[in-house]
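The following paragraphs lead through the architecture of one protein model. The reader is invited to keep the coordinates open alongside the text.

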Amino acid sequence: NILMGERSRCRRLGVRAAAVVAQAWLLLSAYDFAGRAAAPQPKVGWSPWRIRQKVSRARGRSGGFGSAAAAARKEAIDSYAELVATEIQKLDLEEQGIDGGNSSAISGTKKYIVKNSAARAVRQQQRTKQKSKPEQLKHGLSATDSGSHKSIVTEIISSTPNQVNFTIRPLELKEVSTCFHLGERVFSETKFSNLYRTWDESEVVSLINTHPEFCFIAEVVETDQSGNRRKVLGGFVLGSVLIKKHGKFCIGYLDWVVVEPRFQNNGIGTALIKEVIQVMKHDYQIKRLIADTPAENKPAINFFMTRIGMKEQVPHVYMSRRVTPSKPPEWSSGSSPPLNVTVRNLNVDDLHVVHSLGEVLFEKFPNLIRNWDEHSVMSQFQTDREFSIVAVINNTIAGFAMGTYIEKPLEKKKFGHLTWLGVDSRYSRRGIGRRLVIEFENLVRSEGCQQLLVDTEEDNIAAINLFNKLNFSHREKHVYFSKVVT
């Protein structure tokens with residue numbers, strides 16, 4: 001559920017150049033006036049959005065002059081340029097699905113730019129170098145603080161295209177409306193109709209109410225034309241945790257991830273998700289992370305696979321139709337004779353039976369079983385009891401249907417959403433599933449819904465055949481992603 005453009009190569013290059021500058025400065029400053037050997041190389045594989053924090057904590061060391069130091073300085077510049085250019089090449093190959101390995105076939109242009117940035121930083125460091133005391137020189141220390149190399153990095157980063165400053169913090173009540181309206185703009189009906197239909201005010205309110213620890217925003221510092229600085233919403237993430245088997249197995253779910261379009265390609269989405277994963281791992285020890293997005297949302301799919309590492313995919317499908325006038329269910333001659341079925345509302349005595357039946361029915365469908373837990377049944381009963389029904393045969397629950405409705409006040413639209421449908425295999429092909437769908441449609445019709453939405457896994461042939469017979473169409477492909485969290 002995230003909209004992101006393709007990552008800018010210029011931005012990656014600029015941020016990696018910043019790492020070169022900071023590390024080359026630290027290495028070169030370790031040389032004394034005699035041109036002694038430099039300290040061991042530090043790592044260059046920093047995450048781009050953490051570079052500023054890591055560099056700002058570094059401490060400076062004194063630089064040196066003379067032919068020996070100059071030679072060492074040139075060697076260090078060449079070495080770091082080669083290392084970081086190789087790192088950039090590796091990122092490029094990973095984006096294309098190729099293992100970069102230790103390839104040294106790097107672009108001459110990139111190597112030149114990186115080397116030039118490092119050399120410029122070294123010259124600035126020399127110009128601002130203060131005279132060191134003898135005892136400081138002996139231990140390779142400098143009277144200058146971290147401000148000099150921090151300014152070098154800031155200069156290069158600020159010249160990188162699309163670079164923005166942002167902070168990640170928990171979502172608060174005062175930002176709920178802002179997040180909702182950002183989602184309204186991003187999930188347009190013409191571009192992502194299934195996201196548009198399922199996004200409403202209750203999504204933000206319910207998630208911050210039930211899972212506030214997994215709701216974060218990115219706050220961007222923006223400067224207007226008058227030079228005034230202000231904080232604006234750059235993006236948000238809303239997450240939840242599915243608890244399986246009485247807390248023994250937890251799944252983290254990225255319900256919604258949204259980035260303001262003008263701030264995309266700046267690492268905001270990655271930073272938001274990393275923050276959520278860290279909390280989920282610490283508080284719930286999650287074993288798996290899942291997310292989903294429309295199949296045509298190629299930038300989001302690429303983001304989940306390359307940046308978050310969610311390689312496992314399960315195809316999903318959404319179908320919809322206009323709500324039709326009420327009519328009794330029909331029985332086809334190819335089915336077994338209809339049974340004496342009673343359809344009634346779900347009550348508290350049914351909760352455990354319905355949950356257990358769902359565990360059996362959804363076991364072979366990865367998406368469904370991962371989202372089906374005791375909390376799903378209880379929250380449905382708590383918030384949408386009037387849209388939860390069961391089919392009963394001889395005092396035995398033979399099937400269930402549960403859903404809700406989504407309202408778009410500005411457009412004056414209402415959508416019914418059948419979220420769960422299950423029929424005991426002992427009573428299959430008896431018209432129970434059809435009866436439940438029609439009864440649910442009657443319920444959402446009474447609320448003034450104009451359209452009914454259903455969804456299931458793409459390989460759930462029985463459910464798709466049923467929906468086709470009930471004239472559901474407008475198939476929209478969806479993709480669920482997951483990965484094991486270690």
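In what follows, a residue is called buried when its relative accessible area is under 20% and exposed when that area is over 50%, with partly exposed residues in between. The model under discussion is predicted.

The description begins with the sheet. It is open, contains 12 strands with mixed pairing, and follows the order 1-2-3-4-5-12-6-11-10-9-8-7. Its edges are formed by strand 1 (166-170) and strand 7 (342-345); each has a single partner strand, so one side of each lacks a neighbour in the sheet. On average, neighbouring strands are turned by 25 degrees against each other, direction ignored.

One pairing within this sheet may be examined in detail. Strand 3 (residues 229-244) and strand 4 (residues 249-259) run antiparallel and are joined by 10 bridges. K244 stands opposite F249 of strand 4. Helix 10 (residues 268-284) packs on the sheet, where it touches strand 1, strand 2 (215-223), strand 3, strand 4 and strand 5 (288-294). The direction of helix 10 makes about 40 degrees with that of strand 3. Helix 12 (residues 351-361) also packs on the sheet, touching strand 3, strand 8 (388-393), strand 9 (396-408) and strand 10 (413-423). The direction of helix 12 makes about 90 degrees with that of strand 9.

Helix 16 (residues 461-469) shows how burial is distributed around a helix. Its buried residues are A463, I464, L466 and F467. Viewed down the axis of helix 16, these residues fall within an arc of 160 degrees, and therefore line one face of the helix. In an α-helix there are 3.6 residues a turn, so residues three or four places apart point the same way. The face of helix 16 turned away from the buried side carries the exposed residues A462 and K469. Against which elements does the buried side pack? The buried residues of helix 16 pack against strand 6 (312-322), strand 10, helix 15 (432-446), strand 11 (451-457) and strand 12 (473-484).

The backbone deserves a final remark. Most residues other than glycine have a negative phi. Just after helix 16, however, N471 takes a positive phi of about 65 degrees. N265, which lies in the loop between strand 4 and helix 10, has a positive phi near 70 degrees. In the loop between strand 8 and strand 9, N395 has a positive phi of about 65 degrees although it is not a glycine. N395 has a relative accessible area of 78% and is therefore exposed.

Methods. Residues are numbered from 1 along each chain as its sequence is written. This is a predicted model: local features need pLDDT of at least 70, side-chain atom pairs count only at pLDDT 80 or more; totals for chains, interfaces and linings use all residues. Side-chain values use heavy atoms; hydrogens and water are left out. Two strands pair if DSSP finds at least two bridges between them. Helices (H or I, at least four residues) and strands (E, at least two) are DSSP runs, numbered from the N terminus. Axes are lines fitted to C-alpha atoms, for helices over the stretch in contact, and angles run from 0 to 180 degrees between N-to-C directions. Contact means heavy atoms within 4.5 Å. Buried means under 20% relative accessible area, exposed over 50%, partly exposed in between (1.4 Å probe, protein chains only). The arc is that of the directions from the helix axis to the C-beta atoms.
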